[in-house]
Amino acid sequence: MTKPSTYSLVLLTALALWAAPVAAQDAPLPASQQALEEGIEAFREEQYDIAKVAFERAIAADAANAEAYYMLSRVYYETPLFDKGEAGRYIKEARMLDPNDIEFMVAELQQLRLPSWSNVAEFIQQEKRRTLARQILAVDSTNAFAHEELGSTYIRDFWLYRNAIAFPTLAINRVDYDPDEEEEVGRVTLPGEGEDGPLFADIESEASIVTPTEFGAAEGIDINNPFDIATLQSQGAGVLDLSSRADAAYEAAVGHLEKALQYDPRRRPVYDHLMRIYALNESYDEALAPLERMFVFFPEDPEMWTYLGLANYRVGRTDAAAKSFEEAFTFMSEAERAAFDDLTLILSDEDQARYREDPVAFASRFWTSQDPRYLTPYNERQLEHYARLVYADLLYAAEDIDLRGWDTQRGRILVRYGPPPSDVTIVGDFGEVITGFGLNVGAADLESGRKFGERFDIADQSNLFNVWDYGEFKFVFEDPLRNGEYRLYSPPADYFADVSAGFVERFDYELVARETFREQPERYEYEPPGRAVRIPYLVNAFKGEGGRADLYVSYGIPLGQSADLSGDLVNLTVRTGTFLISDNRDIAVERRRTLYGLKTNQVAEFEEATIWTDTQPMTAQPGPATVSVEFETAGGGAEAAQRREVTVPSFTDGLGVSDLMLAYQVEEDFEPGEDGVSGGRVRRGDFVIQPAPWSVYNRRQPVYVYFETYNLEQNAEAQNQYSVEVVLKPQDTSRGLVRLARNLFGGDDGGVSVEFEAGGVGPNNATYAILDASEQEPGLYTLALRVRDTLTGETAERTRDLFLE
């Protein structure tokens, strides 16, 4: 027999190897596996009823088919056949069969995120999730889902402990509050046993363990405000500060969330978690790096852009913030954009009625009037509003009931007033926190045998209080279910059955909030990114054409001590702006300039300051208005923005006098020329005036006063005649009041004065006076002018305060 060749052996071997799997494929699958595959195919085709039956057949054929239990749990968790109980039962069966299967573990972790029926059940689920996430990481340290879960749990720890305090077992005596006797106070005492002993907090948390805290005897504490934490602490009340553990919780949260992104940068919820804890900790500079990564994977996500807007705004990059919010609006739904456009949260009741009449026009005028700096291309107050909306939605949204953060009570208040300067969470039930109400606080502890000085567990406490203190007002929220959904605290009726209505109203924060909203609908204080300086300026009104008034806004830009005044220009680039805002909140006039160097002939030097002076003209209709003067140096090193309400006079009725324009110099120029301003000097008729931007003079300076008189009586030749009296007298503050102008004329109590006769042709006339104050003492003075029409005897008066240095 011929031996097969090597080639033949190889070929036969290959054929055998090929035939083996073919034979295996021809063998029928076990019933359980076949049913499983049929179910998976139906699941993919969204035929969930068929899939359910197939998985049940697979389990009936093989009770140890872990995959079938897992897929059946998915049917009950992910599809319209949702059943929380069934989903949980089947995933538990799968895990019992294969406890270390990562896919099964993650599925159970997902199901544990479903809402619970009570706060106790939710606490249990939280601990189960935390434990399961650790188990997942023990098997797979790169599992992004588990890192996300632990990161979110540590956010809750950080949120609770960052500003948390506890009042351990306070006992209090009754207070019968009388609203007419504000001095009546309550007595707060601690139980009689162990008053000088240490108190330990038994709060099991990985973040840290609270060290023993000494609580001195507090038998002499006087308190009449149950949420006045500062007073309680200052008077020696036992206060356990729990915020020390917050740092560890913060580091753990950020660490896990960054790991989650490292292993899966497309996990969208992780970016929300990171932004939330960065906002809570005000670490907006740290938020920018993960937001750059979020931009790579989610460039059209509107929340990514709003997060960028919030972070950039809080770190002072207002240009970038404005662009980020504008970009966000292009990707938002109509409903979400409407929330950012809506003004009802920050308007008074009166303004809300106007807003409803014409929302677009009202909003435009409102934001114009609220803009703190017209020089910038963006509205800082509007950016603050957007930032508050994003912050409120990050921190206070109730996702389980699909409620955006700005629609919750805390969110609404934050949008109105911004983050509170003091934000404290009080851990403990009502009786242990509220003092002075005749409650026997600590009774439950005594009944259970626990005494002062023993260990206590925060989990035993039934309520959380969140106190937002804005200084002049405060809000108190409670979370009785411990589910994070705080509401304004309103005292239960049975707690106050025997005290006055005024007392109840004082601590009913539903009522307090409504009253505060009426009195102060919103609050905002502009904080400049650069060095803030004050800019002196004066506004002077004169009679103009067509019933309008001519306004001259004279201002001074402070110069540093190092400014070089030796040449023609001070080497400084500044942007200036002068704006007139009408009573209906429109910008009626704006004057913007960029100055590349400041002329030294417009510099005025004083003992306390050196200023560069300038004047901007404008015209206005009579009535109330607002004048805004702004400047900023190149690069934003220094800036100023100041506003003043003015009433523009009409100068139409009877004898009238213009404002008293204080000046450093007034010259007569009879050469023909048009009225206007040049080089900081004002020309009106035959006079050229160098106005003063503030009411400060060196005693060695002459005090120039330019003014105009209107509606003078004329004789047959159309001539007018009038007398002028100008006095400068020290202000009399001996009785706390400055004397009226009519009491300044005459007498011999110091000061300087000048009198003269004047006249001209027509109903109006202009002139000026010079006062020599070199013999006067430094201090505050009142400058008073009286004009008397010689033909009618009618008089008109004007005054202005000034300071001699």
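A strand, as the word is used here, is a DSSP run of E at least two residues in length, and strands are numbered from the N terminus. Keep that in mind, as strands turn up in several places below. The model itself is predicted.

Let's get the overall picture before zooming in. The chain has 805 residues, and 49% of them are buried. DSSP splits it into 23 helices and 32 strands. If you look at contacts between residues at least 6 apart in sequence, 66% of them join residues at least 24 apart. The accessible surface adds up to about 38700 Å², with carbon and sulfur atoms accounting for 48% of that.

Now for the inside. The largest nonpolar core has 105 residues, and M275, L343 and F475 have the most contacts within it. Helix α18, which covers residues 380-396, supplies the largest share of this core, with ten residues. Another core lies apart from it; this one has 40 residues, including Y555, V648, A663 and F687.

M275 is a good place to look around. Setting aside neighbours within four places in sequence, M275 touches Y284, A287, L291, Y307, L310, A311 and L394. Another residue to click on is L308, which sits in helix α13 (residues 302-314). L308 counts as buried because its relative accessible area is 14%, and the cut-off for buried is under 20%. Beyond the four places on either side in sequence, L308 is in contact with L288, L291 and S324. For a distance to check, take L308 and A320: they are twelve residues apart in sequence, and their C-alpha atoms are 8.3 Å apart.

Helix α10 makes a nice geometry exercise. It runs over residues 246-263, and at 1.5 Å a residue its 18 residues should span 26 Å; the end C-alpha atoms are 26 Å apart, so expectation and model agree. Which residues of α10 are buried? They are A246, A249, Y250, A253, V254, H256, L257, A260 and L261. These residues cover an arc of only 165° around the axis, so they lie on the same side of α10. On the face turned away from that buried side, α10 carries the exposed residues D247, E251 and Q262.

On to the strands. Strands of a sheet pair through backbone hydrogen bonds, in either a parallel or an antiparallel sense. Here, five strands make an open sheet with mixed pairing, in the order β26-β32-β31-β28-β29. The edges are taken by β26 (696-697) and β29 (752-761); each has a single partner strand, so one side of each has no neighbour in the sheet. Further in, β28 (residues 719-730) and β31 (residues 779-789) pair antiparallel over nine bridges. To find the register of that pair, start from Y722, whose bridge partner in β31 is D789.

Two hairpins follow one another along β23, β24 and β25. Strands β23 (residues 676-678) and β24 (residues 681-684) run antiparallel and are joined by three bridges. One of the paired positions is S678, which has R681 of β24 as its bridge partner. The hairpin of β23 and β24 leaves two residues between the strands, and G679 in the turn has a positive phi of about 60°. Next, β24 pairs with β25 (residues 687-691), again antiparallel over three bridges. In this pairing R683 stands opposite V688 of β25. The hairpin of β24 and β25 also has two residues between its strands, and there G685 takes a positive phi near 60°.

Those turn residues are glycines, but positive phi shows up elsewhere too. E46 has a positive phi of about 65° although it is not a glycine. E46 belongs to the loop between α2 (31-44) and α3 (48-61). F651, also not a glycine, has a positive phi near 55°. F651 lies in the loop that links β20 (638-648) and β21 (656-657). Which of these two residues is buried, and which is exposed? E46 is exposed, with a relative accessible area of 58%, whereas F651 counts as buried at 7% relative accessibility.

Notes. Residues are numbered from 1 along each chain as its sequence is written. This is a predicted model: local features need pLDDT of at least 70, side-chain atom pairs count only at pLDDT 80 or more; totals for chains, interfaces and linings use all residues. Side-chain values use heavy atoms; hydrogens and water are left out. Two strands pair if DSSP finds at least two bridges between them. Helices (H or I, at least four residues) and strands (E, at least two) are DSSP runs, numbered from the N terminus. A nonpolar core is a set of buried Ala, Val, Leu, Ile, Met, Phe, Trp, Tyr and Cys residues joined through side-chain atoms within 4.5 Å. Buried means under 20% relative accessible area, exposed over 50%, partly exposed in between (1.4 Å probe, protein chains only). Contact means heavy atoms within 4.5 Å. Accessible areas come from the Shrake-Rupley method with a 1.4 Å probe; for residues, only the protein chains shown count as cover. The expected span of a helix is 1.5 Å times one less than its number of residues. The arc is that of the directions from the helix axis to the C-beta atoms.
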